[in-house]
Amino acid sequence: MGNQAGLLIKRGAKMAGDTGLANAGEAAKTRYHGLDALRAWAMSMGIVLHAAWIMVPGEAGAPKTDASASNWTDYLCLSIHTFRMQLFFVLAGLFACLLVRKRGMWKFAWNRCLRIGVPLVLAWLVLCPIMVYQYNVAGIQSGAILGSSSAWELTWEYFANLTPDSVMLLHLWFIYYLLIVYAVAIGARAALVTLDRSGAVRQRCSDTLGKVIASRWNAFALAAISALLLFPMKTSWGIEVNLVSLTPKWLGLFSYLVFFAVGWLMYRNIHQLPAMIRGWRWRLAAGLLLTISYYFYGHYATKNGYTTWDYPNLVVEDIQFDYEKGERDFASLRRQLLESEDGSIAHAVRNLLPPEHQDFLRVHSTATENQLNGLLMTINRTILPGAELSQQIDTSSLTLSDVAKRTLSQPVSERTSEDNAVLNRQILEAGFTGTILREDVYEPYYYAMRAGYSYIYSLITWLLIFGCIGFSQSYFHAESRWWRYFSDASYWFYLAHLPIQFQILLWVGDEPWHWTLKFLVYVVGTTAVLLPSYHYLVRPTWVGWLLNGKKISIARPRADRHPIGDLIDPQPSARLVQ
């Protein structure tokens, strides 16, 4: 089956370059059903990913952590996260190159604005208020540290004070970043065409880079590029993105631009696709095995408090673990804050906390994961970036790094929030010895471990990308009406699934069911809402036209047309048809 798919690829796509080859239009008629299936699976995998994310122990990003959180769902979430979005950008680059070849740059730009820009704005306008409200309700229900305002009041307050740097994108960050990547690609291609009108230089560069992508060691070579970008990022969970701001994380954006560029080059060298994915079985197996070792390495590192990579921000793993109770040592942190003397670091921290947090510390002797997350996130947001902490204590006796000392020597008005955060983190480590774990970020082994982590993570990503493409091309290369329908529906699944899962979390998140049952409830329950809503409310309406390029009556079959409609390749004339 794999050899048959390879022959079809070679036969139909030999002339898919970007320099006006005579048979390039013929190549654009070649359809890869395997890539359609892969795209649909990857898009819908968001349902599985976010169901697992809700059930990650101690996860601070979801509205609240499910009571049945498990290390198994933690591993599943991490494994999917290592390659899913990167795979999307590779596919997006491949189909973008095809669409430009077929329709031209300006029609491509208009198509992307219509199929991605408009759904992004509409989805944000509809879904963001719902999810903001769900976060506030979940915080109140789980006992997170909040003021006396109701969920409605907190939601209205959020939108009343909305700024470009407080826009809640959440899962919509992907199509927002994709729009930016498209804009960069359009500008870059226009500049290259102007400088190289004959296309000869572009073709030579494409051929050279195509050989790298088609080489037997392509995953290892591309991992080195990705690792260089991943190394300076302040995240322990892959490529950093900004989920709550229109200002992107620039290193993360550039990293995804690299994946997009690789996809573009894959289409320019599409006749070499069989070489790019050869050995996909061992790549897939190696990638999955490496996710296991990476998972245990990550847990060991964060458990010991020296490689969380979120430095200087505080995370739950930075709090000493109480092995007798089997939880983070909130009691020690609380005692130091309440029993601190005037002039001490702990006393200054307590005074800088908002009133509701001070009241919480006085009343509660224990804290849930959500409450501890809330306390640390408040410190990150209100204390770390400011200059007040360093001004309220005597820093002369503290052992600080050269970076922190330079910050202290600067006038307060000239310090950046990043400089303050590094200084204040070291002050916290000194003031809460034995409670807040020290991170030796300026020691050589820290950077060595960071470099190792960055390369292994990147290698896992590329192994799984090539492995998944090879698997899909080998086993899903035949045309299937079911996969056409699934491909169309997957865009709607991506856009609408998260608030549905959040609502299920509000309903059953505190139930003490086994994690397997709870996980199935999130996945099956969300799908049970999405499928009929797509079939009856989206597919035959203007929403279906916006997402998929055409309204499709539910009363008639669609055997006479090709599937359309997702954020990567929505136009039937721009699809790969086999």
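What follows is a set of questions and answers on a predicted model.

The model is predicted, and local features need pLDDT of at least 70, side-chain atom pairs count only at pLDDT 80 or more, while totals for chains, interfaces and linings use all residues. Residues are numbered from 1 along each chain as its sequence is written, and side-chain values use heavy atoms, with hydrogens and water left out.

Me: How many helices and strands does the protein have?
Reply: Helices (H or I, at least four residues) and strands (E, at least two) are taken as DSSP runs and numbered from the N terminus. By that rule the protein has two strands, and its helices number 24.

Me: What percentage of the residues in the protein is buried?
Reply: Buried means under 20% relative accessible area, exposed means over 50%, and partly exposed lies in between (1.4 Å probe, protein chains only). The protein has 578 residues, and the buried part is 55%.

Me: How much accessible surface does the protein have?
Reply: Accessible areas come from the Shrake-Rupley method with a 1.4 Å probe; for residues, only the protein chains shown count as cover. Carbon and sulfur atoms hold 63% of the accessible surface of the protein, and the whole comes to about 24900 Å².

Me: Which residue of helix H5 has its C-alpha atom 6.9 Å from that of Tyr267?
Reply: The two residues are 169 residues apart along the chain, yet their C-alpha atoms are separated by 6.9 Å. The partner of Tyr267 is in helix H5 (residues 84–103). This partner counts as buried because its relative accessible area is 0%. The residue is Leu98.

Me: Which residues does Ser44 touch, leaving out those up to four places away in sequence?
Reply: Ser44 is part of helix H3 (residues 33–54). With a relative accessible area of 9%, Ser44 is buried. Contact means heavy atoms within 4.5 Å. On that basis Ser44 touches Phe486, Ser490 and Phe493.

Me: Where in helix H22 does the kink lie?
Reply: Helix H22 covers residues 481–508, and 23 of its 28 residues are buried. The bend at a residue is the angle between axes fitted to the seven residues ending there and the seven starting there. The kink is about 45° and comes shortly before the proline Pro499, at Ala496.

Me: Which salt bridge has both of its residues in helix H3?
Reply: A salt bridge is a side-chain nitrogen of Lys or Arg within 4 Å of a carboxyl oxygen of Asp or Glu. Two residues of helix H3, three residues apart or about one turn of the helix, meet in this way, with 2.5 Å from N to O. Both are buried. The pair is Asp36 and Arg39.

Me: With which residue does Lys518 form a salt bridge?
Reply: The closest N and O atoms of the pair are 2.9 Å apart. The bridge links distant parts of the chain, 452 residues apart, with Lys518 in helix H23 (residues 515–538) and its partner in the loop between H3 and helix H4 (71–81). Lys518 is buried because its relative accessibility is 0%. The partner, buried at 3%, is Asp66.

Me: Which residues are joined into one network by salt bridges that share partners?
Reply: Arg425 and Glu439 form a salt bridge of 3.2 Å, N to O. Arg425 lies in helix H20 (residues 417–431), and Glu439 in the loop between H20 and helix H21 (444–475). Both Arg425 and Glu439 are buried. Shared partners join these two with others into a network of Asp318, Arg425, Glu429 and Glu439.

Me: Which helix gives the most residues to the nonpolar patch?
Reply: Patches are made of residues with over 30% relative accessible area and no salt bridge; like charges are joined within 9 Å, and nonpolar side chains (Val, Leu, Ile, Met, Phe, Trp, Tyr) within 5 Å. The nonpolar patch has about 630 Å² of accessible area together, and its members include Val118, Ile130 and Trp542. Leu122, partly exposed at 33%, is another member. Six residues come from one helix (residues 105–141), namely H6.

Me: What is the phi of Leu170?
Reply: Most residues other than glycine have a negative phi. Leu170 is in the loop between helix H7 (151–160) and helix H8 (173–195), and it counts as buried at 8% relative accessibility. Leu170 is not a glycine, although its phi is positive, about 50°.
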